[in-house]
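Colleague: I'm new to this one and would like a close look at a single part of it. Could you pick one helix and walk me through it, along with its surroundings?

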Amino acid sequence: MGYVTRIVIIGGGPGGYEAALVAAQLGAEVTVVDCDGLGGASVLTDCVPSKTLIATAEVMTTFDSSYEELGIIVADDTPPLEGSARVVGVDLGKVNRRVKRLALAQSHDITASVTRAGATVMRGRGRLEGPQTAEGTRTVVVTAADGTERRLTAEAVLIATGARPRELPDAMPDGERILNWTQVYDLDELPRELIVVGSGVTGAEFAGAYQALGSKVTLVSSRDRVLPGEDPDAAAVLEDVFRRRGMNVMSRSRAQSVKRAGDGVEATLTDGRVISGSHCLMAVGAIPNTTGMGLEEAGVKLTESGHVWTDKVSRTSASGVYAAGDVTGIFALASVAAMQGRIAMYHFLGDAVAPLNLKTVSSNVFTDPEIATVGYTQADVDSGRIDARLVKLPLLRNPRAKMQGIRDGFVKIFCRPGTGIVVGGVVVAPRASELIHPISIAVDNNLTVEQIANAFTVYPSLSGSIAEVARQLHNRKGSGTD
């Protein structure tokens with residue numbers, strides 16, 4: 001029997017378990033060290049739970065915003081909340097039980113897949129012990145819940161420990177009234193008045209979801225607009241939708257402290273204003289799980305923010321140590337984490353590998369409407385980082401959108417001025433996460449707007465707007481900035 005390469009993966013999220021699958025399939029002896037359950041935060045407390053909650057909110061929003069226009073008559077118009085004009089209600093306890101059930105089921109499915117592939121799953125917390133040995137191996141110490149320790153030897157180690165919610169000293173979550181995004185699934189009743197601090201992706205998604213479920217929502221944004229990191233046209237559409245549906249969006253407002261006040265909470269802003277609500281959700285970013293892991297002692301370089309530095313094939317500064325996922329601070333996306341983990345294993349085990357190319361990553365904000373993006377952005381064009389033409393077409397002109405009562409959203413595509421090669425795009429629409437895929441394919445394969453325009457689309461369909469934008473870019477109609 002030949003020599004078998006030993007690999008230890010610390011962390012069982014998308015970066016970790018996808019790496020384990022690849023390494024096991026390539027014949028390595030793989031051990032995954034995990035303390036919470038495979039799937040990590042993505043499956044257990046973040047992506048899967050939040051999108052399951054949003055799925056219920058999406059039904060509520062679609063019903064509320066279009067039932068009258070579509071001619072639907074509702075017999076019982078008793079509002080579920082005092083002062084609400086809603087005609088349907090939600091049992092949040094039941095919703096959250098479903099959320100947790102689906103998350104656990106997904107975690108169990110992942111564990112079964114990993115073990116079936118031949119990897120070993122070990123429950124505990126892992127840390128690196130010292131530098132690489134003369135034989136080229138690394139030691140990982142695994143501490144179980146009862147305090148017992150076990151040492152594992154490996155030729156390669158992958159750090160995939162993710163990140164956790166950032167906390168403010170004067171607004172510490174208590175799990176009851178002041179919450180972070182991992183704690184909201186323990187609520188049995190819908191918050192009557194929810195204050196959401198932070199208007200990034202997480203804050204915007206939860207603010208929109210709870211508003212759709214029936215909460216009165218105040219969104220505290222320290223920036224000029226919601227979603228400051230997203231396409232400005234897309235963010236403007238979403239903020240307009242939020243305000244039109246009754247959300248109190250407080251721009252250029254920063255929370256200084258949040259405290260319990262009787263049966264509710266009070267958030268004090270830096271300008272002295274005080275906001276009252278029944279609950280507060282803190283969504284002020286995340287910090288990497290890198291402390292207490294012996295990383296720097298092992299030669300692993302950390303950035304100023306505490307993330308693990310990696311190159312485009314997931315190598316850290318320490319020989320034989322790789323990293324993937326949110327712990328690297330590259331892109332807080334499950335798809336990117338999974339790709340980083342796979343790339344790490346392909347690279348170490350000598351298989352063909354392509355370096356991580358962030359300009360082909362598609363992402364989505366699961367608000368209503370959704371915001372999907374890929375490739376170069378409006379900011380890249382405006383700053384001169386890339387020379388590109390663009391056309392933006394409102395969905396209002398799309399026949400399928402008219403039929404479905406969709407009034408908000410657009411399709412925007414960026415292409416190179418000479419060749420017409422598609423370099424980026426934005427879709428703001430229901431199910432934008434599905435509609436972005438043809439643009440992603442175009443970006444990934446250097447397709448031109450002519451090729452996109454000449455491909456058949458179904459009539460009527462929302463995807464028809466993608467072809468129409470491509471036609472306008474190809475024909476050079478207007479100024480190219482419609």
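Modeller: Happy to. Keep in mind that this is a predicted model. Let's take helix H6, residues 232-244. With 13 residues at 1.5 Å a residue, H6 should span 18 Å, and its end C-alpha atoms are indeed 18 Å apart, so the expected and modelled lengths agree.

Now for what H6 tucks away. Its buried residues are Ala234, Ala235, Val237, Leu238, Glu239, Val241 and Phe242. A bit of helix geometry helps when reading that list: an α-helix has 3.6 residues a turn, so residues three or four places apart point the same way. Look at Ala234, Leu238 and Val241 with that in mind, and note that Glu239 is also among the buried residues.

What do the buried residues of H6 pack against? There is one helix, H5 (201-213), plus a set of strands: S11 (216-220), S12 (248-250), S20 (370-375), S22 (410-415) and S23 (422-429).

Some of those neighbours lead to spots worth a look. Between S11 and H6 runs a loop that holds Leu227. Leu227 has a positive phi of about 50 degrees, although it is not a glycine. It is also buried: its relative accessibility is 1%, and the cut-off for buried is under 20%.

Strand S20 leads to another. The loop between strand S19 (362-365) and S20 contains Pro369, and a cis peptide bond joins Asp368 to Pro369, with omega about 5 degrees.

Each of these features has a counterpart elsewhere in the chain. Ser314, in the loop between strand S17 (286-288) and strand S18 (321-323), has a positive phi near 75 degrees without being a glycine. Ser314 counts as buried too, at 2% relative accessibility. As for cis bonds, the one from Tyr459 to Pro460 has omega near -10 degrees, and Pro460 sits in the loop between helix H12 (449-454) and helix H13 (464-475).

Stepping back, H6 belongs to a chain with 13 helices and 23 strands. The radius of gyration is 24 Å, close to the 23 Å that the globule rule gives for 482 residues, so the chain is as compact as a globular protein of that length. Of those 482 residues, 50% count as buried. Among contacts with a separation of 6 or more, 62% are between residues 24 or more positions apart. The packing of H6 against S22 and S23 can be viewed against that background.

Terms used
Residues numbered from 1 in each chain as written. Predicted model: local features only at pLDDT ≥ 70, side-chain atom pairs only at ≥ 80, totals over all residues. Heavy atoms only, no water. Helix = DSSP H or I, 4+ residues; strand = E, 2+ residues; numbered from the N terminus. Rg over C-alpha atoms; globule rule 2.2 N^0.38 Å. Buried < 20%, exposed > 50% of the residue type's maximum accessible area, 1.4 Å probe, protein only. Contact = heavy atoms within 4.5 Å. Expected span 1.5 Å × (residues − 1).
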